[in-house]
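Student: I have a structure here and some questions about its strands and its chain contact. Can we work through them one at a time?

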Amino acid sequence: MWLPSYTTPSERLMRTLVLAFAVAVLLFLIAPLFIIVPLSFSKDPFFTLPVREYSLRWYADFFGNTRWMNAIFNSAVVAVMTTVLATTLGTLAALGISRADFPARRLIMALLIAPMIVPIVIVAVGSYLFFGQFGLTNTRIGLVLAHTALATPFVVITVTATLSTYDTNLTRAALSLGASPSSAFFHVTLPNIMPGVVSGAIFAFAISFDEVVVALFMTAAEQRTLPVQMFSGIRDQINPTIMAAATLLLALSIILFTILALMTRRRVK
Amino acid sequence: MNFSQRMSLATDRPVDALVRFEDVKKSYDGINFVVKDLNLDVFRGEFLTMLGPSGSGKTTTLMMLGGFEQPTLGHILLDGKPVERLPPEKRNIGFVFQNYALFPHMTVAENVAFPLRYRGITGAAAKEKVRQALGRVSLEALGDRRPAQLSGGQQQRVALARSLVFEPALVLMDEPLGALDKQLRERMQIEIKQLQTSLGITMVYVTHDQSEALTMSDRIAVFHDGRIQQLSDPETLYNAPANRFVASFIGENNSLPCTLLGWEGGLAVVRMADGTTLKAAGANVSGMGVDMSISIRPENISLAGQRPHAGFNRFSGMARDVFFLGDHMRLSIEAFGGQLVTARIPALQARHFALGTDVAFECSISECRLLEE
């Protein structure tokens with residue numbers, strides 16, 4: 001295929017095996033797709049593969065059910081608020097610690113990305129106990145704050161990465177031409193680090209929208225998000241509507257990360 | 001206008017200095033000083049170059065003037081007013097950066113219009129100014145392009161237009177031609193100089209390229225180790241370097257150790273390492289001593305005739321290597337007991353001798369300069 005003519009048979013065999021292994025890994029990673037997506041379109045009320053008859057009844061059920069609609073609304077509100085907060089805070093933090101003269105930048109960076117490393121259950125229990133004292137459990141704002149802590153590290157990382165290739169002389173040039181520090185930021189720095197800010201925002205949105213553990217701890221029935229609704233759905237009565245919800249969630253993730261990939265490709269060009 | 005003349009005529013420091021550095025010191029870590037006791041006046045309408053190797057303090061000095069760094073001690077006066085605490089956006093100084101720093105998300109015209117919006121100039125008035133500024137650098141046709149679509153030389157011109165469009169009295173340039181190839185660099189040197197003269201702006205220019213400094217400047221400040229080693233017009237700098245550093249940094253120079261024996265009719269009499277005595281001009285030298293050197297430029301050494309000339313030093317040496325360089329030959333001569341001396345000799349003259357034999361050379365006494373450390 002792509003092998004030069006002087007390749008020996010054993011090298012060809014090696015190459016084929018490596019290729020087969022890589023394909024197997026990729027298939028394993030996307031295997032759930034092949035089960036969940038067909039099942040969501042099945043007409044049967046129980047999980048059988050292969051699908052005997054296709055229908056959209058579980059999607060109709062999903063969109064006709066107030067509990068699911070309420071959950072999707074909650075998820076959207078929490079995710080949007082988390083995205084706005086995490087993107088703002090994360091961008092500001094990245095700007096600060098990217099300055100060469102910022103004191104203790106390594107330590108502060110480590111603290112900022114700690115929520116990524118700490119086990120999620122610990123974050124959930126910790127937030128539950130801590131927020132309880134302020135009456136923030138079972139409130140939407142409490143969940144937004146907890147999700148913001150989880151999502152901010154991703155913004156810090158993507159924006160810091162973009163800033164490492166940003167030429168600080170652009171900011172200096174803007175200042176020398178008469179721009180105030182804030183207008184230099186909005187008119188020169190921000191447009192040039194936008195790709196990092198947008199990918200950080202996409203990560204933040206995806207994390208909040210998919211997150212289930214913290215949401216389980218922090219929400220009551222009224223604030224239930226989509227992943228929480230799915231989780232309790234699985235426990236109570238197993239029903240293919242969950243498959244429809246999962247497929248929709250998957251579609252959203254695929255759309256978000258396609259946007260991300262397209263943006264990265266444009267930047268490389 | 002001749003600035004060196006104005007300097008020498010003035011009894012005190014002239015009052016029309018646009019920029020004045022007063023005992024400026026700068027340290028980043030509180031231990032090592034990058035700039036030490038800087039005192040410098042930049043006159044109105046002058047093209048002043050700060051020349052020096054990297055780490056000599058020239059760029060730090062420029063950044064302090066631009067407002068991007070604060071002096072640790074001392075004052076910087078702009079138009080007579082101290083500006084150390086004034087942020088860059090309030091200084092009204094044009095700045096051209098080494099890598100141009102054009103805004104990649106804006107067109108050329110938007111880049112040039114950028115400083116105008118902070119000065120309340122918008123609409124048709126701004127358009128007209130942008131057109132004029134781009135015209136000055138012959139880029140009228142490229143206003144709609146993005147910086148990335150321009151060549152290095154064109155980007156340099158846009159940066160120049162952007163720094164001039166708001167008519168600042170002072171423009172600072174940090175090695176603006178460093179990234180360009182030799183031919184383009186030489187053309188841009190002339191263009192920048194012409195713009196500066198025709199607009200009557202004051203320019204402070206930083207470079208490590210001595211030929212660039214000699215071509216463009218009214219005065220050159222040679223920086224080394226955080227201090228100005230010499231401040232003078234290009235000709236004086238080249239012909240009468242103040243010390244060994246300046247002599248070796250500006251142009252090519254033979255620096256030969258010697259001992260000062262005494263003075264004879266205003267000229268120094270020195271003994272070279274092998275005992276040869278030479279005469280040398282030594283206007284800047286005060287005491288006596290052993291740790292001295294004479295500096296001779298390669299182009300001032302020539303093949304000696306049969307009889308000695310008055311006013312010339314004569315010495316013998318053995319030609320070790322000859323390199324043909326078109327209009328001249330470059331000789332490596334072993335003289336004064338094993339020292340290598342470089343000479344530039346017109347190609348025609350160089351025919352008359354053979355490698356490895358002793359040959360007589362001569363050099364005008366006024367071109368042999370005695371320098372202290």
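Student: How many bridges pair E11(B) and strand E12 of chain B?

Tutor: Remember that this is a predicted model. E12(B) covers residues 267–272. E11(B) and E12(B) pair in the antiparallel sense. One bridge sets Leu260(B) opposite its partner Val270(B) in E12(B). The number of bridges between the two strands is six.

Student: Which residue in the hairpin of E11(B) and E12(B) takes a positive phi?

Tutor: Look between the strands of this hairpin, where there are two residues. The phi in question is near 60 degrees. The residue is Gly265(B).

Student: In E14(B), what is the bridge partner of Pro257(B)?

Tutor: Strand E11 (residues 254–264) of chain B is also joined to strand E14 (residues 292–296) of chain B. They run antiparallel, with five bridges. The partner of Pro257(B) in E14(B) is Ser293(B).

Student: Which are the edge strands of the open sheet E2-E1-E4-E5 in chain B?

Tutor: Four strands form this sheet, with antiparallel pairing. An edge strand pairs on one side only. Strand E4 (residues 73–78) of chain B pairs with E5(B) over two bridges, and Leu78(B) stands opposite Lys81(B) there. The edge strands are E2 (33–43) and E5 (81–82) of chain B.

Student: Which helix gives the most to the side of chain A that touches chain B?

Tutor: The contact takes 14 residues from chain A and 17 residues from chain B. On chain A, helix H7 (168–176) and helix H8 (181–210) each supply at least two residues. The top contribution is six residues, and it comes from H7(A).

How values were computed. Residues numbered from 1 in each chain as written. Chains lettered and ligands numbered in written order. Predicted model: local features only at pLDDT ≥ 70, side-chain atom pairs only at ≥ 80, totals over all residues. Contact = placed C-beta atoms within 7 Å. Pairing = 2+ DSSP bridges.
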